Amino acid sequence: MATFLYKLGRLAFRRRRYVALIWVALLALAGFGATSAATATSSSFSIPGTEAQRAFDLLDERFPGGSADGATARVVFKAPEGEKVTAADNKAEIQEIVGELKSGSDQIASVADPYQANAVSKDGSTAYISVSYKVSSMELTDGTREALEGAGHDAQSSGMKVEIGGDALQVMPETGATEIIGVAIAAVVLVVTFGSLIAAGLPLLTALIGVGIGVSTITALANVLDLGSTTSTLAMMIGLAVGIDYALFIVSRYRAELAEGREREEAAGRAVGTAGSAVVFAGLTVVIALVGLAVVNIPMLSKMGFAAAGTVAIAVLIALTLVPAMLGFAGKRVMGRRARKAAEAENKPEAKPNMGTRWARFVLRRPVWVLLAGVIGLGAIAVPAASLEMGLPDDGAQPKSTTQRQAYDMLSDGFGPGFNGPLMVVVDTRNSSDGKAAVNRVSDEIEGSGGVAAVTPATFNKAGDTATITVIPKDRPSSVETENVVHAIRDAGQTVKSDTGAEVLVTGATAMNIDFSQKMNDALLPYLALVVGLAFLLLMVVFRSVLVPLKAALGFLLSVVAALGAVVAVFQWGWLGSLFGVEQTGPIMSMMPIFMVGVVFGLAMDYEVFLVTRMREAYVHGETPGQAIVTGFKHGARVVTAAAVIMMAVFAGFIGSSEQMIKMIGFSLAIAVFFDAFVVRMAIVPAVLALLGKRAWWLPRWLDRALPNVDVEGEGLRKDLSDGGPAEGGGERELVRV
């Protein structure tokens, strides 16, 4: 592989104009596709195999035209202090708004008058209008949303407080200026690392081209593939981080080759042949982790994984082709004046060791203490993870300044916390001899159970074989008490089914969230086994070792659990919450643990592959295990540190998002990269390798013969070059070493 990539790098360097034109053309094509594609009309959320989804599908079948998946809104009114919404003036104002809403859009399915639908609080201070739409929130037109937003303006002028909740006003999440700050920090880090604006600009430019192609392609296909609004955001987050890192690895190795006196084309070939091999396998681990999300069997999560994996694949291809092409355009300007002086100094025997060398020597002197400090420190931070509670964010997690959050709080104050998360109980009486009696029994069972504030009368469909019952829990939607209510109703439903033949299903947003969380829990261990197992095999091929991949996997698990502990402390317990803009604590988003495992595992392996490959390369070329560790840190520590800081900056930029999910993902990925790069890879890994010595690179002979030799460390490439092989062919011969 190293030989093939060497020739690819030289070819891209020589044919740089064609390579650059191809990538610019791909960017233009993807951009044209994104601008000309129809706007995504929906972002469906389904959880195959769960009770909530079966109930949802049954409603679609038995209540045709009911728009079970349509958008909803609640226009909430609160009377001025000392007044009631039942007062004549306020009542007339609200009923006038009911009329305005009914005639405001042809997308509206129904508008419920609060005075007829029993939607007035007991103290008379609060009322709400329920609005149902024929289409999902993503399909609502701007005119429909404007009609909804403008509905309460007149009432506000009369003194009533009016806020709007529900998913009808759902919009694309805003990431704010911090995302731009993240990229700016990355630029500063690159300038400091390279000491050259040209060298610093290359990784940024190529990464932006890759992300532009990836995100534009996702946008172009969003309508066809039913991709959610967060899909492109997450693909951009991951694609930008790995795109900068991979280009950074290639440019850094290119500069090192130039410093050793090689010609520019030869340096580009060797950089792609050596660092490029690490990029390929690092990218493969990321792709495996992201594509592996499909085992959870939740379409939305699978699509997010595939989209992000596609962006990572583009980043790898750009690093192997466009980066060496751009190095050809940059000329020797890629080497700053300070870098040239540093290179000259490093080549002198009496040269002062750099920070990476000094740190590696310190670890070699105190491996046990460094190992204990790293493990105990991460273990302490991981303690809060034992209190992890999972759920999905609702309007209660929105910033307090939003109308959705204020409507949520007004409904909680006026009707009780559970009113924001009603449960929909669906009773299928098709196999029951007395359907009405079965439904009445279900209602009685629910009313007799604890934790329920109200149960509405059952509503039958036209055929009379299905009924719906709305249940209002006493507690908020994301509470453990509400989850217990759902389980209690389902347990009672099993008894009803065995006695009457009627099937009882619980659905609604709250029940869907509970089922989603359960599915995430059930899928975590199989997913871990799949991803870690495949990556273990891949790393065993790369490093020709059993213990190095094992150490890599265990170190990753430690950093992920520590990151989960930090997430729980900030977003669930509220520690330092104000610093990160957390206005409402609550359960951790259900998909967070499994998504973080997938993404962080792939990204953590980037540093593992790049840093340890350098050590493996030095060991293969005759250095002792201790010397190989020092050599790996001498050449790789600065680059890995810069790459980690860049990745943290990019992820941290998304903490400024208005969307709680994006904010939480940005924080969790940033803190996980910090733990993994600086504690695990830069401290625990060299300490373990120092303790293992030669045993770290042990591989049974039978396994050595069975595994393919991919030559990541470039030993075969070096031999070929010393024989005058690939270089003479100018990259044109079909010699590929695998």
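Two strands count as paired if DSSP finds at least two bridges between them, and strands are DSSP runs of E at least two residues long, numbered from the N terminus. The views below show a predicted model.

**View 1. Strand 6 pairs with strand 9 and with strand 10.**
Strand 6, which covers residues 423-428, runs antiparallel to strand 9 (residues 466-473), and six bridges join the two. Within this pairing, Val426 stands opposite Thr468 of strand 9. Strand 6 is also paired with strand 10 (residues 503-507), again in the antiparallel sense, here over five bridges, and Asp428 faces Glu503 of strand 10 as its opposite residue. Strand 6 is mostly covered, with five of its six residues buried. In a regular strand, side chains alternate between the two faces of the sheet.

**View 2. A salt bridge joins Arg405 and Asp409 within helix 15.**
The two side chains meet with an N to O distance of 3.2 Å, and both residues belong to helix 15 (residues 403-415), where they are four residues apart, or about one turn of the helix. An α-helix has 3.6 residues a turn, so residues three or four places apart point the same way. The two partners fall into separate accessibility classes: Arg405 is buried because its relative accessible area of 5% is under the 20% limit, whereas Asp409, at 28%, is partly exposed.

**View 3. Salt bridges with shared partners join Arg10, Arg14, Glu265, Glu266 and Arg270 into one network.**
Among these residues, Arg14 forms a salt bridge with Glu265, in which the closest N and O atoms are 2.8 Å apart. This pair links distant parts of the chain, since Arg14 lies in helix 1 (residues 2-14) and Glu265 in helix 10 (residues 264-291), 251 residues apart. Arg14 has a relative accessible area of 25% and is therefore partly exposed, while Glu265, at 19% relative accessibility, counts as buried. The structure as a whole holds 21 salt bridges.

**View 4. Glu61 and Arg62 meet through their side chains in a salt bridge.**
The N to O distance of this pair is 3.6 Å, within the 4 Å cut-off that the assignment requires. Glu61 is exposed because its relative accessible area of 52% is over the 50% limit, whereas Arg62, with a relative accessible area of 11%, is buried.

**View 5. Asp515 is a buried residue of helix 18.**
Helix 18 spans residues 509-543 and includes Asp515, whose relative accessibility of 9% is under 20%, so the residue counts as buried. When neighbours within four places in sequence are left aside, Asp515 is in contact with Thr50, Glu51, Ala52 and Arg490.

**View 6. Helix 20 is mostly covered, and its end-to-end distance agrees with the expected span.**
Helix 20 covers residues 592-620, and at 1.5 Å a residue its 29 residues should span 42 Å, with which the 40 Å between its end C-alpha atoms agrees; the expected value comes from multiplying 1.5 Å by one less than the number of residues. Of the 29 residues of helix 20, 27 are buried. Just after helix 20, Gly622 takes a positive phi of about 110°.

Terms used:
Residues are numbered from 1 along each chain as its sequence is written. This is a predicted model: local features need pLDDT of at least 70, side-chain atom pairs count only at pLDDT 80 or more; totals for chains, interfaces and linings use all residues. Side-chain values use heavy atoms; hydrogens and water are left out. Buried means under 20% relative accessible area, exposed over 50%, partly exposed in between (1.4 Å probe, protein chains only). Contact means heavy atoms within 4.5 Å.
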